[in-house]
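User: I would like to request a close look at a single part of this structure. Please explain it in a connected way, suitable for a first-year student.

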Amino acid sequence: MTQDPVRAYGHPGLAAFAGVLAGVMAAMNLIYGILLLANAEFLVLAKEGLYYVDATAWGWLLLIFGVVQIAAAIGILNGKTWARLVGIAWASLVVLGHMFFLPAQPFWSLLIITLGVLIIYGLSVGLGDQEA
């Protein structure tokens, strides 16, 4: 009898939740990256004036991150330890990165930070309990 890959974790419900949530966040990054590449030039209105922004590099970065995140989400749902570690590292970077966006976009940043913390929790619970 084969064991369900997600059940290889100490808390399979949390791991499945974190894997699905990581997949959703990865899809959001892929979509945002594609949108930035399709419309990479836009204007930003700030207190100091109007700024021209070319977001091509940011679009490619989000696209690459999205592909890596999709691979990690699939790995998480298949019970791979490397995917858990990639997911924890990626979610930690997301949480730290969105702390810089708090003054500009407080609601969105708090939402993303909360989702990142939930992913970190779901992937780290029982991490040391699993067999190699």
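How many nonpolar, polar and charged residues are there in the lining of the largest pocket?

Analyst: The model under discussion is predicted. In the lining of the largest pocket, 19 residues are nonpolar and 5 are polar, while no charged residues are found there. The volume of this pocket is about 840 Å³. Its lining consists of 24 residues, of which Asn29, Trp58, Leu62, His98 and Phe101 are the closest to the pocket centre. Four helices each contribute at least two lining residues: α1 (12-38), α2 (56-77), α3 (81-99) and α4 (106-124).

Two of the residues closest to the centre, His98 and Phe101, also lead to Ser109. Ser109 belongs to helix α4. When residues up to four places away in sequence are not counted, Ser109 touches His98, Phe101 and Leu102. Ser109 is classed as buried because its relative accessible area is 0%, and buried means under 20%.

The helices may also be considered through the largest nonpolar core, which has 15 residues. Within this core, Ala22, Met25, Trp90, Ile119 and Leu123 have the most contacts. Helices α1, α2, α3 and α4 each give two or more residues to the core, and the largest share, 5 residues, comes from α3.

Leu123 offers a detailed example. With its neighbours within four places in sequence left aside, Leu123 is in contact with Ala18, Ile76, Arg84, Gly87 and Ile88.

Note on methods: Residues numbered from 1 in each chain as written. Predicted model: local features only at pLDDT ≥ 70, side-chain atom pairs only at ≥ 80, totals over all residues. Heavy atoms only, no water. 1 Å grid on protein atoms, 1.4 Å probe; cavity = no way out; pocket = protein on both sides within 12 Å on 5 of 7 lines; lining within 4 Å. Points joined across faces, edges and corners; volume = space filled by probe spheres on them. Nonpolar A, V, L, I, M, F, W, Y, C, P; charged D, E, K, R; others polar. Core = buried A, V, L, I, M, F, W, Y, C linked by side-chain atoms within 4.5 Å. Buried < 20%, exposed > 50% of the residue type's maximum accessible area, 1.4 Å probe, protein only. Contact = heavy atoms within 4.5 Å.
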